[in-house]
Protein chains: 2
Amino acid sequence: MNMSRTRERLVVIGGDAAGMSAASQARRLKSPDELEIVAFERGHFTSYSACGIPYWVGGDVTDRDELIARTPEEHRARGIDLRLRTEVTELDPDGQRVRARDLESGEESWTSYDKLVIATGARPIRPDMPGVDAAGVHGVQTLDDGQALLDTLEGTRGRRAVVVGAGYIGVEMAEALIKRGYEVTVVNRGSEPMSTLDPDMGRLVHDAMEGLGITMVNDAEVTKILTGDGGTSLLERSRELGGGRVGAVVTQDREFAADVVVLGIGVRPETALAKAAGLPLGPHGGLLTDRSMRVRGHEDIWSGGDCVEVLDLVSGQERHVPLGTHANKHGQVIGTNVGGGYATFPGVVGTAVSKVCDLEIARTGLREKDAQRVGLRFEAVTIESTSRAGYYPNASPMTVKMLAEHRTGRLLGVQIVGREGAGKRVDIAAVALTAGLTVERMTALDLGYAPPFSPVWDPVLVAARKAAAKVRGSL
Amino acid sequence: MNMSRTRERLVVIGGDAAGMSAASQARRLKSPDELEIVAFERGHFTSYSACGIPYWVGGDVTDRDELIARTPEEHRARGIDLRLRTEVTELDPDGQRVRARDLESGEESWTSYDKLVIATGARPIRPDMPGVDAAGVHGVQTLDDGQALLDTLEGTRGRRAVVVGAGYIGVEMAEALIKRGYEVTVVNRGSEPMSTLDPDMGRLVHDAMEGLGITMVNDAEVTKILTGDGGTSLLERSRELGGGRVGAVVTQDREFAADVVVLGIGVRPETALAKAAGLPLGPHGGLLTDRSMRVRGHEDIWSGGDCVEVLDLVSGQERHVPLGTHANKHGQVIGTNVGGGYATFPGVVGTAVSKVCDLEIARTGLREKDAQRVGLRFEAVTIESTSRAGYYPNASPMTVKMLAEHRTGRLLGVQIVGREGAGKRVDIAAVALTAGLTVERMTALDLGYAPPFSPVWDPVLVAARKAAAKVRGSL
């Protein structure tokens, strides 16, 4: 007991990117003699790439273990007391302790902490509708989810897949299912796919996905999921529920036969524990932290990853941005601070990139409606250009939309839809947003140019020129 | 004559990117009734992509005309009085006039101007050595050069090519000649190819080029070029000069049989006219301008493109950076100002990107020796990462070197060598340099992440983390 007094104990709730990055970084800075680290994870895996699940399902990645950055054994070998299949059920900030349940034995016990990291992640939105629990209806949030979907795909004779939702997960799963040889229908509540883009840019995604053979259904609200035998007659599949296999997805006005259904509707911060403990939550349901990723008002609690809200540096408001790249950065910052160092997470600008087959989709900063909501007046321009010099082989078309603040000309956002080479160009705008550059200044950016890489005016420069002219013209 | 008094005359010397961009932009802003535009070009072509010549020679571009952005006829149709094959031989700033010679008729005459744009470009360095004028020895600066080289390649039975110089032009021509089926030897004066990189990064290019089957010869000074019959015996080819075809390239200690020789040694500003007229030149022989691209001390003369020096925003000193992307920007700025608008060219950060076969090479900012020369102490780090998530198909290795200022941690430069997806990542650093970001701030950049596009920590972020740690550790 003397030893437990001389060293501190760090408790980590959640064994994925944010939690285990924090634990690993703290371990790098503090030896086991100085800091005991206990990590609770309710699942079977640690430190895996949930973002990689669509590529595993699609067959680009053949082995699940490739998605695991660090196994439980590797964490334990580094001196982290990792407890798998153990769910934290209660958090007592005043008592500095958490209660955890061993999911195998059902036993519960309290563990005290000196410092706590909450990295409980996000939970997928699973609509409360009839049939959503039928066999053949899958989320794709965890490795376990991915394995269950693969098992279904291998055991299914039918080839009709319906993806519910047309955000990143939805379009990536559409690609995965196309690669598996399915006829894919994407059912989307919005007016266009990729609601993280403005609708005019989403339209380009819509058209391209149809060009890939995907059936796109917009403005469609799924009302129920029917079970059935997978036959062709709708009558045969009309037995609702009953515990059978999925047979069709029903919207307000149509019905889509389905042998497998993937739910890709998005996620919400998993903050039930934190909420019950009275920790501060933001408007999106995520934990609120300061710049050091410390939970506001709590000296001894940090949080990061998909369960927190982050500052959007462009709008000045909090957002929920569940992305692995942020979770890793949060974990790094938390582990550094817990380990006695100094690090901050300044915020995000809202960059995201995705692809469906050879279509690349990227965005950063504010959409039109974001700018409107936060009181920023803007000029918007859209240009067409190419990924390489027009005369160079495989130059492919690219559409760039750019928003600049009225009068000041400060860059507010960029959206890009194109083929190879389109997606990562958004990084130019991400850095420009971080630095608060105006579109006028951006017209002179010294970007890499050679015919295989870019036209002599990079598409981002072409957009900046048009935006700058519009800002000048509207002064 | 009344009419010539009421409208101004703009004279442009040089019909390529900078000159014709300036003319076109001025024309957009001023009608022919307001501004007469006369442009002199000594060659046969206007507004072409010299950067595209290696890809035309290599066969990626099949038609020379694809490299021409705007033909003489198109310029004339827009109201520009373009005079091809007309060389300006004298410039009289006090008299506001230029003397031009019609290269066909030999006639000379003076043309007065109200405003003048000097866009005389650069001339290739052609070493003064025996044999350099032999048939089969080619520069690749102009479309005419490219055509001459292609004619040689088609008329040559031998398959041995020697490229003199291992900068951008040299490595791009090496690729072109490999694609044409030649055995390629690159003879390089420096210790490693790509002297625009630090030698440790140049070494990676060296190794990769050898892996592509190119023979790399470093530390080699070409002393003469031998003519001969292209046979295998050196004795047979030992007749020096004599006006025959090239037979071998001779260095201080070796001899390389050659059926064709390409000179890719670099260029110098073409400023003989400006020098004779007493205009201000910088240490690299280029014209010195202000931020509006006006020649310093001359209200009515502008200059841009390969004949000017530009401000390096990182070092604070002037550099000569002959790149089409700058020339186009300069022309745009000049044309705007000449046309009565307002635009500036703030300077460069030194970004360049190139490739040889599937090897991508990029740099921006300062090399180690640049930083030393301008009195900046730095920390340098090099990291290995991959272009995509490690588990995603075709993830390829990438090496990133990063320099940060000692103490302040301000980013000073980035060099990248890798395969697909490596080159344009340098744009992240180019924008960060423009904004003066520290490497510590860069560790939190919100860059696009998805497994097909990047590891969860983008290679640039990995380098920034290592550089930031080194800056902290060395305070």
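Which residues does A:H75 touch, not counting residues up to four places away in sequence? They are A:M20, A:S24, A:T46, A:S47, A:R70, A:I80 and A:L82, where a contact means heavy atoms within 4.5 Å. A:H75 itself sits in helix α4 (residues 72–77) of chain A. With a relative accessibility of 1%, A:H75 counts as buried. Here buried means under 20% relative accessible area, exposed means over 50%, and partly exposed lies in between, using a 1.4 Å probe and protein chains only.

Before going further, a word on what you are looking at. This is a predicted model, in which local features need pLDDT of at least 70, side-chain atom pairs count only at pLDDT 80 or more, and totals for chains, interfaces and linings use all residues. Residues are numbered from 1 along each chain as its sequence is written, chains are lettered from A and ligands numbered from 1 in the order in which they are written, and side-chain values use heavy atoms, with hydrogens and water left out.

**Chain A as a whole**

Chain A holds 13 helices and 25 strands; these are DSSP runs numbered from the N terminus, with helices (H or I) of at least four residues and strands (E) of at least two. The C-alpha trace of chain A spans about 75 × 60 × 40 Å along its principal axes. For 475 residues, a compact globule would have a radius of gyration near 23 Å, and the 24 Å of chain A agrees with that. That radius is taken over C-alpha atoms, and the globule rule is 2.2 Å times the number of residues to the power 0.38.

Of the 475 residues in chain A, 59% are buried. Among the contacts in chain A with a separation of 6 or more, 63% come from residues 24 or more positions apart. The exposed area of chain A is about 18,300 Å², and carbon and sulfur atoms supply 47% of it; such areas come from the Shrake-Rupley method with a 1.4 Å probe, and for residues only the protein chains shown count as cover.

**How the two chains relate**

Chain B superposes on chain A by a rotation of 180 degrees with 0.0 Å of shift along its axis, at an RMSD of 0.0 Å. The two copies are therefore related as by a two-fold rotation axis. The same surface serves both copies, as 100% of the contact residues of chain B recur in chain A. The superposition is by least squares on the C-alpha atoms of residues with pLDDT of at least 70 in both copies.

**Some residues to look up**

Two residues other than glycine have a positive phi: for A:N394 the angle is about 65 degrees, and for B:R85 it is near 50 degrees. The table shows where these loop residues lie, together with B:E299.

| Residue | Loop | Relative accessibility |
|---|---|---|
| A:N394 | between β23 (378–386) and β24 (397–405) of chain A | 62%, exposed |
| B:R85 | between β3 (81–83) and β4 (86–92) of chain B | 24%, partly exposed |
| B:E299 | between α8 (272–276) and β18 (301–303) of chain B | 64%, exposed |

B:E299 is also 40 Å from B:D198, C-alpha to C-alpha, with their places 101 residues apart in sequence. B:Q372 belongs to helix α10 (residues 368–373) of chain B and, at 52% relative accessibility, counts as exposed. The C-alpha atoms of B:Q372 and B:A274 are separated by 32 Å, and the two residues are 98 residues apart along the chain.
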